[in-house]
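Open the model in your viewer and set it to a cartoon with side chains available on demand. The stops below are given in the order in which to select them.

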Amino acid sequence: MSQIQEISPQEVENMIEKNEKLTVIDVREDEEVAQGMVPTAKHIPLGQIPSEVDQLPKDQSYVMICRSGRRSMNAAEFMKEKGFQDVKNMEGGMLKWNGELVF
């Protein structure tokens, strides 16, 4: 099993506030995303990750998000296998997110 680093929702929020170079990818389904997303997040449903990752630059930092952290961990592991170096998983997913939401 690959070692994907987990990052707390608070750390993700701090990185976004500091405008750090970071791409947040939300892998939840459309109806879940309709309830609010992390600011700056890009929505790519988990089922579309295999076809979409080829368009993403491999030299960026990514944080994967889902509802609880399980699907995003799968997506992070997939991206790691595809050669992405800096991929983290947001621990606890949106269930643990206390920051601002965008709709």
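**Stop 1: helix H1**

Select helix H1 and show its side chains: Pro9, Val12, Glu13, Met15 and Ile16 are buried in it (buried means under 20% relative accessible area, exposed over 50%, partly exposed in between, with a 1.4 Å probe and protein chains only). Their arc around the axis is only 160°, so they lie on the same side of H1; the arc is that of the directions from the helix axis to the C-beta atoms. Helices (H or I, at least four residues) and strands (E, at least two) are DSSP runs, numbered from the N terminus.

A note on the source before going on: this is a predicted model, in which local features need pLDDT of at least 70 and side-chain atom pairs count only at pLDDT 80 or more, while totals for chains, interfaces and linings use all residues. Residues are numbered from 1 along each chain as its sequence is written, and side-chain values use heavy atoms, with hydrogens and water left out.

Now add strand E1 (5-7), E2, E4 and E5 to the selection; the buried residues of H1 pack against these strands, where contact means heavy atoms within 4.5 Å.

**Stop 2: two loop residues with positive phi**

Move past the end of H1 to Asn19, which follows the helix and has a positive phi near 55°. Asn19 sits in the loop between helix H1 (9-17) and E2. Is Asn19 buried or exposed? With a relative accessibility of 68%, Asn19 counts as exposed.

Next select Thr40, in the loop between helix H2 (30-33) and E3. Thr40 is not a glycine, yet its phi is positive, about 75°. Its relative accessibility is 58%, so Thr40 counts as exposed. For background, most residues other than glycine have a negative phi.

**Stop 3: strand E2**

Select residues 23-26, which form strand E2. Thr23 and Ile25 point one way, Val24 and Asp26 the other way, and all are buried. In a regular strand the side chains alternate between the two faces of the sheet.

Centre on Thr23, which is buried at a relative accessible area of 17%. Which residues does Thr23 contact, leaving aside its neighbours within four places in sequence? They are Gln60, Ser61, Tyr62 and Val63.

**Stop 4: the partners of E2**

Two strands pair if DSSP finds at least two bridges between them. Show strand E4 (residues 61-65), which runs parallel to E2 and is joined to it by four bridges. Thr23 stands opposite Tyr62 in E4, and the bridge partner of Asp26 in E4 is Ile65.

Then show strand E3 (residues 42-43), which pairs with E2 in the parallel sense over two bridges. Ile25 stands opposite Lys42 in E3.

**Stop 5: E4 and beyond**

Return to E4: four of its five residues are buried, so E4 is largely enclosed by the rest of the structure. Add strand E5 (residues 86-90), which pairs with E4 in the parallel sense over four bridges. Met64 stands opposite Asn89 in E5.

Last, select helix H4 (residues 70-81) together with E4 and E5; the three make a right-handed β-α-β unit. A crossover is right-handed if, with the strands pointing away from the viewer, the path from the first strand over the helix to the second runs clockwise.
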